[in-house]
Amino acid sequence: MDRTADKESGYAISHRSMRRQSGDSFIAMLFTACIVFFASEAGAQCTARAVLQNRLTFKAAPSVTPPAPIKSVFAVPVWRTITVGTFANSFALLNALDAAGCGIGGLAEEILARPAFNVGTKKTSVELFAVSAAELGFPPDTVRLADVYARAQQLGFGLAAAEVGPQLRLQYFDQPMGEFLIAMEPIKTWKGEPVILAVANGGAGLVLLGRDGSADAEISAASRFLFVRSNEAALAKAVRGIEEAAGLGRR
């Protein structure tokens with residue numbers, strides 16, 4: 001998909017039209033062209049220029065690092081809340097990424113088009129938790145992806161829906177340099193390769209990438225993952241709350 005070509009051809013049509021006009025018509029069309037140009041620039045919030053403007057405009061959020069190793073999901077603050085279920089299908093989601101000027105890696109674009117990639121049918125808020133493999137208790141080296149998932153789920157974290165990755169890309173324009181791996185069930189490419197998504201700021205713009213999602217994939221212990229809170233963990237907390245309330249009532 002040649003995103004640049006569309007913009008250039010659109011401008012060329014406007015330019016040819018303006019040459020056929022004169023006087024007030026020329027000025028009016030020029031004014032309209034400027035509005036369209038600046039509107040398109042404002043919408044492309046994933047471009048390198050927009051990223052720089054965002055970093056100058058938005059104050060950097062304070063980094064909250066939970067004590068390592070993490071003992072439970074309930075010891076970790078919510079990193080960010082996003083909204084999912086706002087697009088009719090994955091193609092509408094892909095078009096929104098394109099309109100925002102977000103870079104989309106080949107693997108990421110492929111799995112967004114796979115039947116296994118689903119979008120929510122109901123608008124829902126999702127709380128995300130950012131933790132590194134090191135914070136999960138792994139030594140400062142590399143670790144298998146399957147081991148990261150297993151340890152996280154023992155602590156009450158859950159895997160995010162695949163939609164979280166592209167939705168976060170559209171809702172996180174002030175991302176600093178770095179990368180977040182979406183802790184999700186891998187989706188296989190047409191060749192059968194398991195892929196997970198990564199939301200990154202590579203310095204030249206904001207991107208959505210596909211990464212090796214096989215169980216044996218080697219991940220740096222410094223890599224940060226985005227999890228959700230598992231339903232089982234939330235239920236256990238609710239049960240504990242009820243039991244504690246009942247205990248206070250008997251006193």
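User: Let's start with Q175. Which two elements does its loop sit between?
Analyst: This is a predicted model, so take the placement as the model gives it. Going by its elements, Q175 lies in the loop between α7 (164-170) and β6 (178-182).

User: Is Q175 buried or exposed?
Analyst: Its relative accessible area is 1%. The cut-off for buried is under 20%. Because 1% falls under that, Q175 counts as buried.

User: Which residue's backbone oxygen does the Q175 side chain reach?
Analyst: We're after a polar contact here, and the cut-off for one is 3.5 Å between N or O atoms. The side chain of Q175 gets to a backbone oxygen at 3.1 Å, and that oxygen belongs to V199.

User: Staying in that loop, is M177 buried or exposed?
Analyst: M177 is also found in the loop between α7 and β6. Its relative accessibility is 59%, and anything over 50% is called exposed. So M177 counts as exposed.

User: How far apart in space are M177 and N201, C-alpha to C-alpha?
Analyst: In sequence the two are 24 residues apart. Setting aside neighbours within four places, M177 is in contact with N201, G202 and G203. The C-alpha to C-alpha distance between M177 and N201 is 5.0 Å.

User: Which residue in β8 stands opposite G178?
Analyst: β6 pairs with strand β8 (residues 194-201) in the antiparallel sense, over four bridges. Within β8, the residue opposite G178 is N201.

User: β6 is joined to β11 as well. Do they run parallel or antiparallel?
Analyst: Three bridges join β6 to β11. For one position on each strand, L181 stands opposite F225 in β11. The two strands run parallel.

User: What is the bridge partner of F129 in β11?
Analyst: β3 and strand β11 (residues 224-229) run antiparallel and are joined by four bridges. The bridge partner of F129 in β11 is F227.

User: And on β1, which residue in β3 does T81 stand opposite?
Analyst: Strand β1 (residues 80-84) pairs with strand β3 (residues 124-132) over five bridges, in the antiparallel sense. Opposite T81 in β3 you'll find E127.

User: How many residues are in the largest nonpolar core?
Analyst: The residues with the most contacts inside this core are V148, Y149, F157, I182, F225 and F227. F225 and F227 turned up above too: F225 is opposite L181, and F227 is the bridge partner of F129. The size of that core is 60 residues.

User: Which residues does Y149 contact, leaving aside neighbours within four places in sequence?
Analyst: Y149 is one of the residues with the most contacts inside the largest nonpolar core. Leaving those neighbours out, its contacts are L159, I182, A183, M184, I196, F225 and F227.

User: How far is G165 from V199, C-alpha to C-alpha?
Analyst: G165 sits in helix α7, and at 0% relative accessibility it counts as buried. Beyond its neighbours within four places, it is in contact with I182, L197, V199 and L208. G165 and V199 are 34 residues apart in sequence, while their C-alpha separation in space is 6.5 Å.

User: Is V119 buried or exposed?
Analyst: V119 is placed in the loop between α5 (106-112) and β3. It touches F87, A88, N89, S90, L93 and E163, not counting residues up to four places away, and its C-alpha is 6.0 Å from that of N89, 30 residues away in sequence. Its relative accessibility is 17%, and because the cut-off is under 20%, V119 counts as buried.

User: What is the S to S distance in the disulfide joining C46 to C102?
Analyst: The count comes to one disulfide. It links distant parts of the chain, 56 residues apart: C46 is in the loop between α2 (23-43) and α3 (48-57), and C102 is in the loop between α4 (90-99) and β2 (103-104). Both C46 and C102 are buried, and the link is right-handed with 40° about the S-S bond. The S to S distance is 1.9 Å.

User: Last one: what share of the protein's 251 residues count as buried?
Analyst: The secondary structure comes to eight helices and eleven strands. Of the accessible surface, about 14,200 Å², 58% belongs to carbon and sulfur atoms. Out of the 251 residues, the share counted as buried is 36%.

Technical notes. Residues are numbered from 1 along each chain as its sequence is written. This is a predicted model: local features need pLDDT of at least 70, side-chain atom pairs count only at pLDDT 80 or more; totals for chains, interfaces and linings use all residues. Side-chain values use heavy atoms; hydrogens and water are left out. A nonpolar core is a set of buried Ala, Val, Leu, Ile, Met, Phe, Trp, Tyr and Cys residues joined through side-chain atoms within 4.5 Å. Buried means under 20% relative accessible area, exposed over 50%, partly exposed in between (1.4 Å probe, protein chains only). Contact means heavy atoms within 4.5 Å. A polar contact is a pair of N or O atoms within 3.5 Å; within protein, one must be able to donate a hydrogen and the other to accept it, and residues adjacent in sequence count only if both atoms are side-chain atoms. Two strands pair if DSSP finds at least two bridges between them. A disulfide is a pair of cysteine sulfur atoms within 2.5 Å. Accessible areas come from the Shrake-Rupley method with a 1.4 Å probe; for residues, only the protein chains shown count as cover.
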